[in-house]
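Please read this briefing alongside the sequence and the model, which are shown next. The topics are the sheets, the core, one loop residue and the pocket.

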Amino acid sequence: MSVVGLHHVQIACPAGSEGLLREFYGGVLGMSEIPKPPVLAARGGVWFRAGDRELHCGVEADFRPALKAHPCFLVADVDAVAKVVSAAGAEIRWDEAIPGIRRFHTDDPVGNRVELQQA
């Protein structure tokens, strides 16, 4: 037995934050929203796709943003993405801890940490 791939990453969000998440992940980062199955849609939250991977934002009753755990998205032009994210009002935190990797961290509108890395 072995793992053969990664389908999605799930992050938590507070109830009613779907619009803010759509603006950030869909609008600012350009990810495609994908429909949730009806039984799961009733729980709230929103799902997105980037390439062949998915980000699931699921409602958590006692929500606390993830400050350490985070998804990392590969982008074609990390500097251009940083400008767009900054123009949208999000803080950009460049990180040079890994030699040869150009990346930054930011926070989504509900406070979850997000990493964007040069592909």
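How many bridges join S1 to S4, and do the two strands run parallel or antiparallel? S1 and S4 run parallel and are joined by 6 bridges. This is a predicted model, in which local features need pLDDT of at least 70 and side-chain atom pairs count only at pLDDT 80 or more, while totals for chains, interfaces and linings use all residues. Residues are numbered from 1 along each chain as its sequence is written, and side-chain values use heavy atoms, with hydrogens and water left out. Helices (H or I, at least four residues) and strands (E, at least two) are DSSP runs numbered from the N terminus, and two strands are said to pair if DSSP finds at least two bridges between them.

**The sheet with S1**

- An open sheet of 4 strands follows the order S1-S4-S3-S2, and its pairing is mixed.
- Its edge strands are S1 and S2 (32-34), each of which pairs on one side only.
- Direction ignored, neighbouring strands of this sheet are turned by 30° against each other on average, where axes are lines fitted to C-alpha atoms (for helices over the stretch in contact) and angles run from 0 to 180 degrees between N-to-C directions.
- H1 packs on this sheet and touches S1, S2, S3 and S4, with a direction that makes about 5° with that of S3; contact here means heavy atoms within 4.5 Å.
- Where S1 meets S4, Cys13 has Val59 in S4 as its bridge partner.

**The sheet with S5**

- Another open sheet of 4 strands has the order S5-S8-S7-S6, again with mixed pairing.
- S5 and S6 stand at the edges with a single partner strand each, so one side of each is left without a neighbour in the sheet.
- From one strand to the next, the twist averages 30°.
- H3 packs on this sheet, touching S5, S6, S7 and S8, and the direction of H3 makes about 20° with that of S7.
- S5 and S8 pair in the parallel sense over 4 bridges; Leu74 has Gln117 in S8 as its bridge partner, and Cys72 stands opposite Glu115 in S8.
- S7 (residues 103-107) pairs with S8 in the antiparallel sense over 5 bridges, with Val114 in S8 as the bridge partner of Thr106.
- The hairpin of S7 and S8 has 5 residues between the strands, and Gly111 in this hairpin takes a positive phi near 100°.
- S6 and S7 run antiparallel and are joined by 3 bridges, with His105 in S7 as the bridge partner of Arg93.

**Burial and the nonpolar core**

- S8 is largely enclosed by the rest of the structure, because 5 of its 6 residues are buried; buried means under 20% relative accessible area, exposed over 50%, and partly exposed in between (1.4 Å probe, protein chains only).
- In a regular strand the side chains alternate between the two faces of the sheet.
- In S5, Phe73 and Val75 form a covered face, whereas Cys72 and Leu74 form an uncovered one.
- The largest nonpolar core (a set of buried Ala, Val, Leu, Ile, Met, Phe, Trp, Tyr and Cys residues joined through side-chain atoms within 4.5 Å) has 24 residues, and those with the most contacts inside it are Tyr25, Leu29, Cys57, Phe73 and Leu116.
- The elements that give two or more residues to this core are S1 (8-13), H1 (18-28), S3 (46-50), S4 (53-59), S5 (72-75), H3 (78-87) and S8 (113-118), with H3 giving the most, 4 residues.
- Leaving aside neighbours within four places in sequence, Leu116 is in contact with residues including Leu29, Phe73, Val75, Val78, Val81 and Phe104.

**Ile92 in its loop**

- Ile92 lies in the loop between H3 and S6 (93-95), and it counts as partly exposed because its relative accessibility is 23%.
- Not counting residues up to four places away in sequence, Ile92 touches Ala82, Val85, Ser86, Phe104 and His105.

**The largest pocket**

- About 390 Å³ of space lies in the largest pocket, a volume being the space filled by probe spheres set on grid points that are joined across faces, edges and corners.
- A pocket is found on a 1 Å grid over the protein atoms alone, as an open set of points where a 1.4 Å probe fits, with protein on both sides within 12 Å along at least five of seven lines, and lining residues have an atom within 4 Å of a point.
- Of the 20 residues that line this pocket, the closest to its centre are Met31, Ala50, Cys72, Phe73 and Leu74.
- S1, S4, S5 and H3 are the elements that give two or more residues to the lining, and the largest share, 4 residues, comes from S5.
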